[in-house]
Amino acid sequence: MSESFYITTPIYYVTAAPSIGSAYTTVAADMLNRWHRQRGEQTFFLTGTDEHGQKVLQAAEDNGASPQEWTDRLVATEWQPVLEVIDAQPDDFIRTTQERHTTRVQKFWQGLFESGQVYEGQYEGPYCVACEEFKLPSELLEGGLCPIHERPVEQLSETNYFFPLSQYAEKLLALYEENPTFVQPESARNEVIAFVKQGLEDLSISRSTFDWGISVPWDERHVFYVWIDALLNYWTAAQDRADGRAPWPASVHLVGKDILRFHAVIWPAMLMAAGVAVPHQVFAHGWLLVGGQKMSKSKATAIRPSQVTDHFGSDAYRYYFLRAINFGSDGSFSWEHMSAVYTSELANGYGNLASRVTAMVGKYFDGVLPADEDHGPAEDALAAGMATAVARAEAAIDRLALHEAISATTDFVALINGYVTEQEPWKVAKDESARARLASILYSAAESLRAVAVLYNPVMPKTSAMLWESLGAAVALGELGEQRVQDAGRWGQLPAGSHLVKGASLFPRLLEEPDPVD
RNA sequence: GGGGCGGUAGCUCAGUCGGUCAGAGCAGAGGACUCAUAAUCCUUGGGUCGUGGGUUCGAGCCCCACCCGCCCUACCA
């Protein structure tokens, strides 16, 4: 039986180019997806762009383009290319302007409309005549002035269609109660529960003051409110599987904590209304802080992923963000910290270990991996460490503790380095009578690296492939991607006789470079 | 105002059920070694665990108040 795993990122709002903040979510989803895939599960990883709504319309106008031209351009030149920059491989990329989406959104809501779960009502809110748009109560200046024109706003109402969200409070609370991991981490769950307990208001799902959106099928004067359209992407894309087996419900929706409420409250309520299964989990990760400030697309603090990958490479990029930051909490990014982690853990720790082991197999055994002829207590300890690393990582992945899953392997790398240093193979090599001992030491180090390559593959696919190649592992074991991660801790898989080659450095030491981010 | 989450060594952070919990990594200092990317390994950590009270035989860990930071407070995404 093959488990199935369906993971999503939010669909990104295309008002600007991607920053390391949005790429953070994508990289996390990609790692999880690769991990589950390497467990042999049937996986589906979806990302995409959210292209409707007033802000996009505004951004397009500001840039002298039609909204469709604007989103086409931004998606083609920024949002899709960034996937390659960070080495993410989604199975599908949905755009909310695609017909496959718009028609399904219409169908979904038409169904709710016909079953009496949409009603016509009055939306009332502060409206600025000069702006010709409704304002958010929270954005008004003191005294109820429009923040742009600094003049009083009017209370205006328009006829909209509503979704009776207020009727779902009890059902949602029951959902959170029965399924404690529906919203994670705990802090996010607490916040959502507290919010819903206050009671919910019905949700206006249509707009008639602008037309950049999906038209409401039973009343063409309206377009759907952008969230109502956007959330459905997870469901509409799932209907597209070629084999006709929709991967539903989603296993995990990864979201930033700012959009938690939409995913943990409105989204499941919509699905309940339609009689569609709700997702298994909504997981809210934290912010990337730069200089103690939340990074924002619109501010100068926005760092583009390519600025980082140009220097460190995509593997180090993925490693840094997923290992150095506790997934679920806010985390600080700084160029200095990233440099420190790169040098210490990747270049000096991992990369150097691969170099010294493959170099010694080359030097003492002409590159042919010897057999584990004299296996002793030190090797038993190493093998135990390997099994522990796998068990720790597997357990961490199930809790979405990505940082911990990676740390398990990083700790194992340190253990291997310690093993090699303590066994002193370079000294053992000088004693012709200790040949069997030397063989076991180098075999054990190489075999350990085999597991490291497998465990790091979901995080750092490029260098893991380099290591796999360097270990000559493909000949006997097959492709790296086919190695089952849950089986990686079984000792003795890399066969004696494998041809090891000391390849290029996995993580070359980098020259000091001024911080381009300043 | 209401709600959520944080405030632990120079830096980034762990601390599950209250009792070796005062920790890890990095940085710094000393030493060992030379296979390796001047890498590795070992040794080295007196910081009022935001402040003030309280509960307890005993509290970063529970309770109260206060200070500081971030987020949410609904139709921006």
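Let's start at a small hinge point in the sequence: Glu424 sits in the loop between helix H15 and helix H16. Glu424 is not a glycine, and yet its phi is positive, at about 45 degrees. With a relative accessible area of 29%, Glu424 falls into the partly exposed class. Keep in mind from here on that this is a predicted model.

Asp366 makes a good companion to that residue. Here too we have a positive phi, about 50 degrees, in a residue that is not a glycine. Asp366 belongs to the loop between H13 and helix H14, the latter covering 377-398. Is Asp366 buried or exposed? Its relative accessibility is 70%, so Asp366 counts as exposed, the cut-off being over 50%.

Now step back and take in the whole of chain A. The chain has 518 residues, and 56% of them count as buried. Its secondary structure comes to 19 helices and 16 strands. Lay the C-alpha trace along its principal axes and you get a span of about 95 × 50 × 40 Å. If you look at contacts between residues at least 6 apart in sequence, 77% of them join residues at least 24 apart. As for the outside, chain A has an accessible surface of about 21,800 Å², and carbon and sulfur atoms own 49% of that. The charged side chains number 40 positive and 67 negative, with the centres of the two sets 4 Å apart.

Next, the RNA. There are 48 residues around RNA strand B, and Tyr13, Asp50, Val226, Arg261 and Thr421 come nearest. On the RNA side, 71% of the atoms that come within 4 Å of the protein are sugar and phosphate. Which elements of the chain supply at least two residues each to the surface near RNA strand B? Among them are helix H7 (186-197), strand E8 (203-204), helix H8 (226-230) and helix H10 (260-274). Further along the chain, helix H13 (335-365), helix H15 (402-423) and helix H16 (425-428) do so too. H13 gives the largest share, with eleven residues. That ties back to our opening, as Glu424 lies between H15 and H16 and Asp366 lies in the loop that follows H13 on the way to H14.

A few polar side-chain atoms are worth picking out at the RNA. For Lys502, the partner is a phosphate oxygen of RNA strand B, 2.5 Å away. Tyr225 also has a polar side-chain atom by a phosphate oxygen, in this case at 3.4 Å. Trp227 is a base contact instead: one of its polar side-chain atoms lies 2.9 Å from a base nitrogen of RNA strand B.

Tyr225 also leads us inward, since it is one of the residues that Ile205 touches. Ile205 is in the loop between E8 and strand E9 (206-207), and it counts as buried because its relative accessibility is 0%. What does Ile205 touch, not counting residues up to four places away in sequence? The list runs through Trp109, Val118, Tyr161, Phe162, Phe163, Val223, Phe224, Tyr225 and Ile228. Tyr234, on the other hand, is 29 residues from Ile205 along the chain, and the two C-alpha atoms are separated by 18 Å.

Thr409, in helix H15, is another residue to look at. Its relative accessible area is 1%, so Thr409 is buried. Leaving aside neighbours within four places in sequence, Thr409 is in contact with Val452, Leu455 and Tyr456. Val452 is 43 residues from Thr409 in sequence, but C-alpha to C-alpha the two are 6.5 Å apart.

Finally, have a look at the loop between H9 and E12, where Pro249 is found. The peptide bond from Trp248 to Pro249 is cis, with omega near 0 degrees. Ser251 is in the loop between helix H9 (233-238) and strand E12 (252-256) as well, and it counts as buried because its relative accessibility is 11%. Beyond its neighbours within four places in sequence, Ser251 is in contact with Ser4, Phe5, Tyr6, His280 and Gln281. A second cis peptide bond runs from Gln184 to Pro185, with omega near -5 degrees. Pro185 lies in the loop between strand E7 (183-184) and H7, and H7 is one of the elements that supply residues to the surface near RNA strand B.

Notes. Residues numbered from 1 in each chain as written. Chains lettered and ligands numbered in written order. Predicted model: local features only at pLDDT ≥ 70, side-chain atom pairs only at ≥ 80, totals over all residues. Heavy atoms only, no water. Helix = DSSP H or I, 4+ residues; strand = E, 2+ residues; numbered from the N terminus. Buried < 20%, exposed > 50% of the residue type's maximum accessible area, 1.4 Å probe, protein only. Contact = heavy atoms within 4.5 Å. Areas by Shrake-Rupley, 256 points an atom, 1.4 Å probe, with all protein chains shown as cover. Lys, Arg positive; Asp, Glu negative; His and termini not counted. Charge placed at Lys NZ, Arg CZ, Asp CG, Glu CD. Near = heavy atom within 4 Å. Polar contact = N/O pair within 3.5 Å; in protein donor to acceptor, adjacent residues only side chain to side chain.
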